[in-house]
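This report describes side-chain interactions, taking charged pairs, aromatic rings and a polar contact in turn. The sequence and the structure come first.

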Amino acid sequence: QVQLVESGGGLVQPGGSLRLSCAAPTNNFNRRTMDWYRQAPGNERELVARINSRGDTTYADSVKDRFTISRDNAKKMVYLQMNSLKPEDTAVYYCHRVLDNAWGQGTQVTVSS
């Protein structure tokens, strides 16, 4: 399977927004459950959001009502809209395909004034 490629990270002030994108040129993409994870320095990688083939979504408690995961099956893309960002959201964010435990290279998100 082709690698996953994230983009859209950067530096943003507290309260700001970012939209992460993940290109996932995967066979039968529309059937795949896709995740966004993040890992802050010194912390374990944690699941942030998940979307399944039906479009059902789940979120970590820490990001509920602030982050939204979505997918575009025609483009084979997964997105993470992040609003009301906090300094504690600072981390490397990774796209993940559940079927074969595939990972992207990650994109850095830094929330700081």
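A salt bridge is a side-chain nitrogen of Lys or Arg within 4 Å of a carboxyl oxygen of Asp or Glu. The model is predicted, and for that reason local features need pLDDT of at least 70 and side-chain atom pairs count only at pLDDT 80 or more, whereas totals for chains, interfaces and linings use all residues. Residues are numbered from 1 along each chain as its sequence is written, and side-chain values use heavy atoms, with hydrogens and water left out.

**Salt bridges**

By the salt-bridge rule the count comes to 7, and the table gives three of these pairs with their closest N and O atoms.

| Acidic residue | Basic residue | Closest N and O atoms |
|---|---|---|
| Asp 35 | Arg 50 | 2.6 Å |
| Asp 89 | Arg 66 | 2.8 Å |
| Asp 100 | Arg 97 | 2.8 Å |

The salt bridge of Asp 35 and Arg 50 links distant parts of the chain, since Asp 35 lies in strand β4 and Arg 50 in strand β5 (residues 46-51), 15 residues apart; strands here are DSSP runs of E with at least two residues, numbered from the N terminus. Burial is judged by relative accessible area, with buried meaning under 20%, exposed over 50% and partly exposed in between (1.4 Å probe, protein chains only). On that scale Asp 35 is buried at 0% relative accessibility, while Arg 50 is partly exposed at 29%.

Asp 89 forms its salt bridge with Arg 66. Asp 89 lies in the loop between β8 (77-82) and β9 (91-97) and Arg 66 in the loop between β6 (57-59) and β7 (67-72), so the pair ties together parts that are 23 residues apart in sequence. Both Asp 89 and Arg 66 are buried. In the salt bridge of Arg 97 with Asp 100, Arg 97 is buried at 0%, whereas Asp 100 is partly exposed at 34%. Salt bridges that share partners also join Arg 38, Glu 46, Arg 66 and Asp 89 into one network.

**Aromatic rings**

Rings of Phe, Tyr and Trp (its six-membered ring) pair if their centres lie within 6.5 Å, and planes under 30 degrees apart count as stacked, over 60 as edge-to-face and the rest as tilted. The structure holds 2 aromatic pairs. The rings of Tyr 37 and Trp 103 have their centres 4.9 Å apart and their planes at 65 degrees, so this pair is edge-to-face. Tyr 37 lies in strand β4 (residues 34-39) and Trp 103 in strand β10 (residues 102-103), so the pair ties together parts that are 66 residues apart in sequence. Tyr 94 and Trp 103 also form an edge-to-face pair, at 6.3 Å centre to centre with 85 degrees between the planes.

Tyr 37, Tyr 94 and Trp 103 thus belong to one aromatic cluster. Tyr 37 is buried at 16% and Tyr 94 is buried at 13%, while Trp 103 is partly exposed at 23%. The charged end of Arg 45 sits over the ring of Trp 103, 4.6 Å from its centre, where sitting over a ring requires NZ of Lys or CZ of Arg within 6 Å of the ring centre and within 35 degrees of the ring normal.

**Thr 107**

Thr 107 belongs to strand β11 (residues 107-111) and is buried at 10% relative accessibility. The side chain of Thr 107 reaches the backbone nitrogen of Gly 9 at 3.1 Å.

How values were computed: Helices (H or I, at least four residues) and strands (E, at least two) are DSSP runs, numbered from the N terminus. A polar contact is a pair of N or O atoms within 3.5 Å; within protein, one must be able to donate a hydrogen and the other to accept it, and residues adjacent in sequence count only if both atoms are side-chain atoms.
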